[in-house]
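I opened this model to work through its strands, its unusual backbone spots and its core. My notes follow in the order I looked things up.

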Amino acid sequence: MNRKEKLLMLVMMIATFPTFGQKYNPAYRYADAYKQYQNANCPLEKDSIKHFVYFSRDRALIHDHVFLQVQRLEGAQIMYSWRELEPKKGEYDFSMIHEDYKYLTSYGKKLFIQLQDVSFRASYKAVPGYLLTDEFDGGCVASNEEEGWVAKRWNPKVQDRWAKLLVALGKEFDGKIEGINLQETAAGSSDEKDTSFTPERYVECIKENMSALKTAFPNSVTMQYANFMPGEWLPWDDKGYLRAIYQYGNDIGVGLGGPDLMVHRKGQLNHLITMMHENVYTVPLGIAIQDGNYTGKTGADKDYNEKKDNGKNRDNNIVPLLHAFAKDFLKVNYMFWVNQEPYFTGDVVPCLNN
């Protein structure tokens, strides 16, 4: 048997017995990790995790919401865009945050801010209008997600304005709110979209923004969502970019986490899930269950349609599985459950309201 015939036979073995290939393929090392939690059920066992409800920018929905009556739900995670908070250069409007903080406090609930500088809609730019000028090199650029915009986080002038926003927010809310997180690292760019962008510079700018966040909020929990990094793909093309972000956060006291708790998907398993599982941290870890995750999808999936789904394709309640996985495999301190119906009221609330 010649070399070509041997190679062909090996390929056929792998195709015929996929577990043979998976066993020796590091990309599949956590593919079956979820199986040990398949027998988890409701109500969720007691834990030290702080559970929040993620409302995205739909802040009005917190009023008279069912979560206000669920003791184990600590509060609400609400997204506020940079554009909303700084309508004019150097002029800040935090009235929305004050209003939400006051309302939640009246019910004994806490506020966790998600600060938005990225959008996943082509029609919305989350940065202030004054940034969209030559002075700031346009301020933002089309993200790698193709259907949205990301602030030029790597531009020093944009970073300076971002840091000033953080300082202003810290003066108002540090020590009052539960925490604040920066959006995911995945929404980067490429040198094809912006010649000033490089993956190496992106790593450094994320670190710089994390440092600015920690300086502005020394008392409230700070967190960077770090899921994917432009210029690498784990485990095969590991440039150390994502690892560097997780190491730096742990070094300076900034918590780490990310969106989309996907226990079956290689992309998530080999990136943020690997980062959380394989290391020991002294900072808080957080994981977000976002749109689509209750059915094993993400809002970015091409075949996902929330309106068409609307619970029709729900086979079973995977909330216990997600909780057990996050608690034991990831050892998180925070879980952010998206307010997506009918799953939140039908699945999350019964599991937590024990």
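I started at Met223 and looked for its bridge partner in β9, which turned out to be Gly255. The model is a predicted one, and I read every entry below with that in mind. Next I took in the two strands as a pair. Strand β8 covers residues 221–225 and strand β9 covers residues 255–259. They run parallel, and three bridges join them.

I then followed the sheet outward. The strands form a closed barrel of eight, in the order β1-β2-β3-β7-β8-β9-β10-β11, with parallel pairing. I looked up the twist as well: neighbouring strands are turned by 25° against each other on average, direction ignored. Helix α5, residues 156–173, packs on this sheet. I found it touching β3 (110–116) and β7 (179–182). The direction of α5 makes about 165° with that of β3.

Backbone entries came next. Most residues other than glycine have a negative phi, and most peptide bonds are trans. I therefore noted the exceptions to that general pattern.

Which peptide bond ahead of Pro43 did I log as cis? The bond from Cys42 to Pro43 is cis, with omega near -5°. Pro43 lies in the loop between α2 (18–23) and β1 (50–56). I logged another cis bond from Glu341 to Pro342, with omega near 5°. Pro342 sits in the loop between β11 (334–338) and α12 (343–352).

Two aspartates went down for positive phi. Asp137 has phi near 55°, and its place is the loop between β4 (118–119) and β5 (140–142). Asp260 has phi near 70°. I found Asp260 in the loop between β9 and α8 (266–269).

Are these two buried or exposed? Asp137 has a relative accessible area of 38%, so I entered it as partly exposed. Asp260 has 14%, which is under the 20% cut-off, so I entered it as buried.

Last, I turned to the core. In soluble globular proteins, nonpolar side chains tend to be buried together. Here the largest nonpolar core has 107 residues. Phe67, Leu169, Leu261, Phe325 and Trp337 touch the most other members. Helix α11, residues 319–330, gives the largest share of this core, with eight residues.

I picked Trp337 for a closer look. Leaving aside neighbours within four places in sequence, I listed its contacts. They include His51, Phe52, Val53 and Tyr54. Ile289, Tyr294, Val319, Leu322 and His323 are also among them. Phe344, Val348 and Leu352 are in contact with Trp337 too.

Definitions and conventions: Residues numbered from 1 in each chain as written. Predicted model: local features only at pLDDT ≥ 70, side-chain atom pairs only at ≥ 80, totals over all residues. Heavy atoms only, no water. Pairing = 2+ DSSP bridges. Helix = DSSP H or I, 4+ residues; strand = E, 2+ residues; numbered from the N terminus. Axes fitted to C-alpha atoms, helices over the stretch in contact; angles between N-to-C directions. Contact = heavy atoms within 4.5 Å. Buried < 20%, exposed > 50% of the residue type's maximum accessible area, 1.4 Å probe, protein only. Core = buried A, V, L, I, M, F, W, Y, C linked by side-chain atoms within 4.5 Å.
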